[in-house]
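Trainee: May we go through this model together, one question at a time? I should like each answer to be reasoned through before it is stated.

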Amino acid sequence: MISEAEAHSKILKTIQPLPARRTLLLSALGCFAAEDHFARLPLPNFDNSAMDGYAVVASSCRKGERLLVTGEQPAGPDRQLRISPGEAVRIFTGAPMPAGADAVVMQEDVIRDREEIVLNVDVDPGEFIRKRGCDLSEGQKILSKGERIRAATLALFASQGFSDLAVGAAVSVAIVSSGDELMKVGEQLKSGQVYESNSALLQALLKSCGAIVKSAEHSRDDRELLIETIERGLKNHVLIISGGVSVGEHDLVQSTLRSLGAKIDVWRVAIKPGKPFLFGRIGDCFVFGLPGNPVSAFVTFLQFVRPAILKMMGAANLDLPMGPAKLIADLTNDSDRPHYVRGKLEDGKFTPVGRQESHALFGLSQSNALLRVAVGESLKAGEIVNLQLWD
Ligand code: AMP
Ligand code: MG
């Protein structure tokens with residue numbers, strides 16, 4: 001058995017980012033930037049009105065003053081209008097400012113009287129003008145290498161006129177769930193059988209990382225079948241096998257992988273739940289063996305598989321988001337492995353939920369955060385703890 005830190009570092013030393021590619025803007029959602037990106041346009045790109053109203057020269061504007069309306073500038077092509085003190089131009093949100101104007105008066109603050117307006121307010125220079133470059137300067141960095149591309153990032157890139165960008169690779173993954181007792185959802189359960197649920201869990205977790213699930217197959221605990229199923233999965237960047245990685249007579253995964261020429265780098269890690277975790281590779285395919293118990297599969301995925309996949313995709317930050325919370329119950333870890341306690345974070349408070357056992361899927365389904373309790377650690381109710389937030 002090796003430590004969690006050792007397993008982590010072995011995996012992340014072995015795994016490297018895959019080659020980057022260019023992709024169309026809309027296909028980049030959830031990917032990671034493969035290089036630093038810089039603004040080629042300032043935002044806004046020209047001085048424009050923040051309101052529907054009138055462009056004016058502030059020095060000629062006092063409450064009660066009358067101004068002559070000399071033109072109209074809607075959003076769109078710049079009509080190259082110009083005003084002098086005592087004049088106003090009817091203007092609309094997003095429209096370019098006329099030359100000579102240094103403020104906008106909201107239409108609610110004037111009374112329109114044919115070709116004139118009467119001001120109901122004093123006006124200060126700069127009011128209701130969105131100045132060129134006030135949001136973003138030309139040349140400013142807009143995204144760093146390794147940052148995730150989100151909805152607002154796409155909008156920012158579109159605002160720059162970029163139609164494509166360089167991103168990290170798409171990682172393809174095959175899932176194999178192994179076990180004679182597993183039955184496909186939708187089929188009739190016989191005595192002793194359970195529905196196969198890990199592939200649903202893993203597909204959802206992989207999707208939230210941005211990986212592409214190419215296949216999810218089941219194999220019985222039969223060496224020939226396992227070999228065939230594993231061989232099909234090896235065409236992908238990553239193969240995840242759940243179940244059968246422990247030491248019982250029906251746990252055939254490790255010996256089968258070895259018979260296929262696998263180099264096993266990690267097997268059995270000091271982590272609770274999740275001890276029988278395995279990491280290795282066959283050719284170019286990285287293989288993760290996760291314990292079959294659903295909570296163990298969940299915890300080992302988050303601690304070991306997620307960072308590996310993010311690294312392959314070119315992410316800079318491989319850690320789960322963390323956040324502080326007030327612990328609601330005393331917790332002690334008497335075991336010989338760090339314990340990932342499942343619980344619910346609500347209103348800044350963390351409450352352990354359900355049975356803290358590796359098969360207890362309902363408890364997991366009620367939780368939204370993990371608390372790592374180190375070996376021998378005793379935490380008291382009321383303490384502030386740092387949680388892994390995965391929801
Ligand atoms: P194993 O790791 O194969 O020894 O399985 C440990 C426990 O997890 C057993 O109770 C299995 O029935 C259960 N299990 C294994 N694989 C799955 C799966 N894909 N879905 C649900 N339960 C599973
Ligand atoms: Mg099994």
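Trainee: Where in the chain is P44 placed, and what kind of peptide bond joins L43 and P44?

Mentor: In this predicted model, P44 belongs to the loop between strand 3 (37-38) and strand 4 (48-49). Most peptide bonds are trans. The bond joining L43 and P44 has an omega of about -15° and is cis.

Trainee: What is omega for the cis peptide bond that joins K272 and P273?

Mentor: P273 is located in the loop between strand 20 (269-270) and strand 21 (278-282). The bond from K272 to P273 is cis, with an omega of about -5°.

Trainee: Is F128 buried, partly exposed or exposed?

Mentor: F128 sits in the loop between strand 10 (116-119) and strand 11 (129-130), and has a positive phi of about 55° although it is not a glycine. Most residues other than glycine have a negative phi. Buried means under 20% relative accessible area and exposed means over 50%. Because its relative accessibility is 30%, F128 counts as partly exposed.

Trainee: What phi does R268 have?

Mentor: R268 lies in the loop between strand 19 (263-267) and strand 20. At 28% relative accessibility, R268 counts as partly exposed. R268 is not a glycine, yet its phi is positive, at about 75°.

Trainee: Which helix gives the most residues to the largest nonpolar core?

Mentor: The largest nonpolar core has 44 residues, and I11, I240, F277, F288, L290, F301 and I309 have the most contacts inside it. Elements that each supply at least two residues of this core include helix 1 (4-14), strand 14 (172-178) and helix 6 (294-312). With twelve residues, the element that gives the most to this core is helix 6.

Trainee: From which domains does this core draw at least three residues each?

Mentor: The bounds of the domains decide this. This core draws at least three residues from each of domain 1 (4-17 + 170-312) and domain 4 (322-389).

Trainee: Which residues does F301 touch, not counting residues up to four places away in sequence?

Mentor: F301 is among the residues with the most contacts inside the largest nonpolar core. With residues up to four places away in sequence left out, F301 touches L202, L205, L206, C209, I240, L290, R306 and P307.

Trainee: Which residues make the nonpolar surface patch of about 270 Å²?

Mentor: One of them is Y195, found in strand 16 (residues 194-195). Y195 counts as partly exposed because its relative accessibility is 38%. The patch is made by V185, L189 and Y195.

Key. Residues are numbered from 1 along each chain as its sequence is written. Chains are lettered from A and ligands numbered from 1 in the order in which they are written. This is a predicted model: local features need pLDDT of at least 70, side-chain atom pairs count only at pLDDT 80 or more; totals for chains, interfaces and linings use all residues. Side-chain values use heavy atoms; hydrogens and water are left out. A nonpolar core is a set of buried Ala, Val, Leu, Ile, Met, Phe, Trp, Tyr and Cys residues joined through side-chain atoms within 4.5 Å. Buried means under 20% relative accessible area, exposed over 50%, partly exposed in between (1.4 Å probe, protein chains only). Helices (H or I, at least four residues) and strands (E, at least two) are DSSP runs, numbered from the N terminus. Domain bounds come from an automatic or database domain assignment. Contact means heavy atoms within 4.5 Å. Patches are made of residues with over 30% relative accessible area and no salt bridge: like charges are joined within 9 Å, nonpolar side chains (Val, Leu, Ile, Met, Phe, Trp, Tyr) within 5 Å. Accessible areas come from the Shrake-Rupley method with a 1.4 Å probe; for residues, only the protein chains shown count as cover. A salt bridge is a side-chain nitrogen of Lys or Arg within 4 Å of a carboxyl oxygen of Asp or Glu.
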